[in-house]
Amino acid sequence: MKQEYACQQIELDLLPPITFEVLLQSRNIDNVGVIISSRLRRSWYGKWERYSNSLILTVPKIAESAPGDVKNALVDWVLLLGNTHQNRREKKLEKKKLEQFIFSYFKDTGLAQPRKSRFNPATFVTQGRVYDLREVFNRVNKEYFKDEIQSYVRWGKNRYRSYQMYQHDWQGNRFSLITIASIYNKRFVPDYAIDGIMYHEMLHIAVPPVKRGFRNIIHGAEFKSRERDFRFYREWTTWEKSTHHRFF
């Protein structure tokens, strides 16, 4: 009885990707060490070890299978940390270029998945001593943004820092979060001041940063112009300056 066999074509790499060890040897680099971390997913970092007089590059495990040009980019990136002679601006531009190239590889190969954070919107505290930030948000949203801005709000632990950022919940869903500095959680803070700082942070959503080359312009001309549309802009900024010595 004649037996038939099915033949399936499988594509294999002709050569396995070069290892970091071989790559460093081929480039005669003896002051860089590479650590493969199973805890990292799509990020990497470097540091200078003073005692061993060497640079340590820590990369995610997926970088082991990356092609040589990506590994070279990672090595070039960490070498910038030890380069104290290069022009600061040129160094920054080169670093940004390398980061974009490396991350594009992770993204194109499906390795850069949205990071699930530990942020749980249900735990955000909005009620303060005087103001409930959700009520402030809704009031400012209705008056200045036609109720079109969507964001979670919370009181921050830092006394002086208010900010707006994007995060992901446990399911990987992206959301906006506005954090108001705890120094605004005082009884002597007037209504227009809490409204002013909330308007400022909400404006970051309405007028997102503008990319210019490798720079993100956060407070551009449009942002500054629209910031003055706040009805109590002068009172708010004057109040901040006059009370700066007290807590700002």
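This briefing describes a strand sheet and the aromatic contacts of the structure above. The model is a predicted one. It contains an open sheet of three strands, and a search of the whole structure finds 13 aromatic pairs.

**The sheet and its helix**

- The strand order is β1-β3-β2, with mixed pairing.
- β1 (32–37) and β2 (45–49) each have a single partner strand and stand at the edges, so one side of each lacks a neighbour in the sheet.
- Neighbouring strands are turned against each other by 25° on average, direction ignored.
- Five bridges join β2 to β3 (residues 54–60) in the antiparallel sense, and serine 54 in β3 is the bridge partner of glutamate 49.
- Helix α2 (residues 68–81) packs on this sheet and touches β1, β2 and β3, its direction making about 140° with that of β3.

**Aromatic pairs and cluster**

- Phenylalanine 124 and tyrosine 152 form an edge-to-face pair, because their planes lie at 70°, with ring centres 6.0 Å apart.
- Phenylalanine 124 belongs to the loop between α3 (88–108) and α4 (133–144), whereas tyrosine 152 lies in strand β4 (residues 152–155), 28 residues apart.
- Phenylalanine 124 is buried at 13% relative accessible area, while tyrosine 152 is partly exposed at 36%.
- Tyrosine 184 and tryptophan 239 form a tilted pair, with planes at 40° and ring centres 6.4 Å apart.
- Both rings of this pair are buried, tyrosine 184 at 2% relative accessibility and tryptophan 239 at 10%.
- One aromatic cluster includes Tyr144, Phe145, Tyr192 and Trp236.

**Charges over rings**

- The charged end of arginine 161 sits over the ring of tyrosine 163, 4.1 Å from its centre.
- Arginine 174 places its charged end over the ring of tyrosine 166, 3.9 Å from the ring centre.

Definitions and conventions
Residues are numbered from 1 along each chain as its sequence is written. This is a predicted model: local features need pLDDT of at least 70, side-chain atom pairs count only at pLDDT 80 or more; totals for chains, interfaces and linings use all residues. Side-chain values use heavy atoms; hydrogens and water are left out. Two strands pair if DSSP finds at least two bridges between them. Helices (H or I, at least four residues) and strands (E, at least two) are DSSP runs, numbered from the N terminus. Axes are lines fitted to C-alpha atoms, for helices over the stretch in contact, and angles run from 0 to 180 degrees between N-to-C directions. Contact means heavy atoms within 4.5 Å. Rings of Phe, Tyr and Trp (its six-membered ring) pair if their centres lie within 6.5 Å; planes under 30 degrees apart count as stacked, over 60 as edge-to-face and the rest as tilted. Buried means under 20% relative accessible area, exposed over 50%, partly exposed in between (1.4 Å probe, protein chains only). A charge sits over a ring if NZ of Lys or CZ of Arg is within 6 Å of the ring centre and within 35 degrees of the ring normal.
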